[in-house]
Amino acid sequence: MIRLSIIYHSQSGNVHRLAAAAAATAEGLGAQTRLRKVPKLADPRLLDVQAYADLNEATADIPDATHDDLVWADAIMIGTPVVFGLPAPELIHFINHSGMVSIPGKLMNKAVSVFTSGAGLHAGQETTILAVHNAVCHWGSLIIPNGSSVDILTTEQNGGLPYGTCNSSWHKPNNVSDDNLAAINYQTTRMIEVATAYQIGLEQTTSSIQFTDIEKLGKKYNFELA
Ligand SMILES: Cc1cc2nc3c(=O)[nH]c(=O)nc-3n(C[C@H](O)[C@H](O)[C@H](O)COP(=O)(O)O)c2cc1C
């Protein structure tokens, strides 16, 4: 059984809706799923304060993401709003602290796929996903993009892109179209399929790679071990 962690940040509900849809798809496919939100930073970006408060209340029972959720998973889906063409600072903050698990190779054999919501069409969605991909390279995980070989990725409602599902919320809370839900459904299904194939391959493979000893590295560069 594939273990999937869905790590996301959302302010006004759009990325949350995509993440929740991904969780429902994954569970329907028999994956063990963790839906985890990356908490807000002290300086919230203000667009629709009521929507932020509503989402806080509606998602109060979703646990905060920890780096153990990355280590635990076979597959990881990451969702973020577009913020000036970049991932939300909350997500970057979460990634900034992932070295303790990524440096000793604990994220190497994971499949990772990214989805996003921006206000408009092509207003930074692709750059946001690619920016998260940079971090995935540092983790040594496998980037799983959407490709462009299924119809749902090319609908007028912008159901998805080769990079990953790209919602356009037009600055409205919870504004996810059926096409975008279909795109995240496809993206999740593909993730589970790839992760399953990879897991079978890993079970048949013996690795000779010796990962970095984080204790030794910590002593060398004098960094604190969490
Ligand atoms: C500070 C700030 C910067 C933003 N920058 C962009 C941007 O560059 N491109 C874009 O399409 N949307 C941008 N948006 C809009 C959000 O990405 C968009 O509303 C998104 O759907 C919010 O997702 P959420 O509902 O999950 O919070 C920005 C919003 C804020 C608050």
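Start by selecting Ile 7 in β1 and Ile 78 in β3: these two residues are bridge partners. The model on screen is a predicted one.

**The strands**

Now widen the selection to both strands. β1 and β3 pair in the parallel sense, and five bridges link them. Strand β1 covers residues 3-8, and five of its six residues are buried.

Next, add strand β2, residues 32-37. β2 also runs parallel to β1, and six bridges join the two. To see one facing pair, pick Ile 6, which stands opposite Leu 35 in β2. Then trace the chain from β1 through α1 to β2; this β-α-β crossover is right-handed.

When you show side chains on a strand, keep one general point in mind: in a regular strand they alternate between the two faces of the sheet.

**The ligand**

Select the ligand and the residues around it. How many residues are around the ligand? There are 23, and those that come nearest are Gln 11, Asn 14, Gly 118, Ala 123 and Ser 169. Colour the elements that give two or more residues to this shell: α1 (14-28), β3 (75-83) and β5 (111-118). If you colour the shell by class instead, you will find nine nonpolar residues, 13 polar ones and one charged one.

**Two residues with positive phi**

Most residues other than glycine have a negative phi. The next two stops have a positive one.

Go to His 122, in the loop between β5 and α6 (125-139). Its phi is positive, about 50 degrees, although His 122 is not a glycine. Is His 122 buried or exposed? His 122 is exposed, because just 12 other C-beta atoms lie within 10 Å, and a residue with 12 or fewer counts as exposed.

Then select Trp 170, in the loop between β7 (166-168) and α7 (178-203). Trp 170 is not a glycine either, and its phi is positive, near 50 degrees. Trp 170 has 11 other C-beta atoms within 10 Å, so this residue is exposed.

**A long distance**

For the last stop, select Met 100 in helix α5, residues 99-102. Met 100 has 16 C-beta neighbours inside 10 Å and therefore counts as partly exposed. Now add Ser 148 and draw a line between the two C-alpha atoms. Met 100 and Ser 148 are 35 Å apart in space, C-alpha to C-alpha, and 48 residues apart in sequence.

Conventions:
Residues numbered from 1 in each chain as written. Predicted model: local features only at pLDDT ≥ 70, side-chain atom pairs only at ≥ 80, totals over all residues. Near = placed C-beta within 6 Å. Helix = DSSP H or I, 4+ residues; strand = E, 2+ residues; numbered from the N terminus. Nonpolar A, V, L, I, M, F, W, Y, C, P; charged D, E, K, R; others polar. Buried ≥ 20, exposed ≤ 12 C-beta atoms within 10 Å, placed from the backbone. Pairing = 2+ DSSP bridges. Right-handed = clockwise from strand over helix to strand, strands pointing away.
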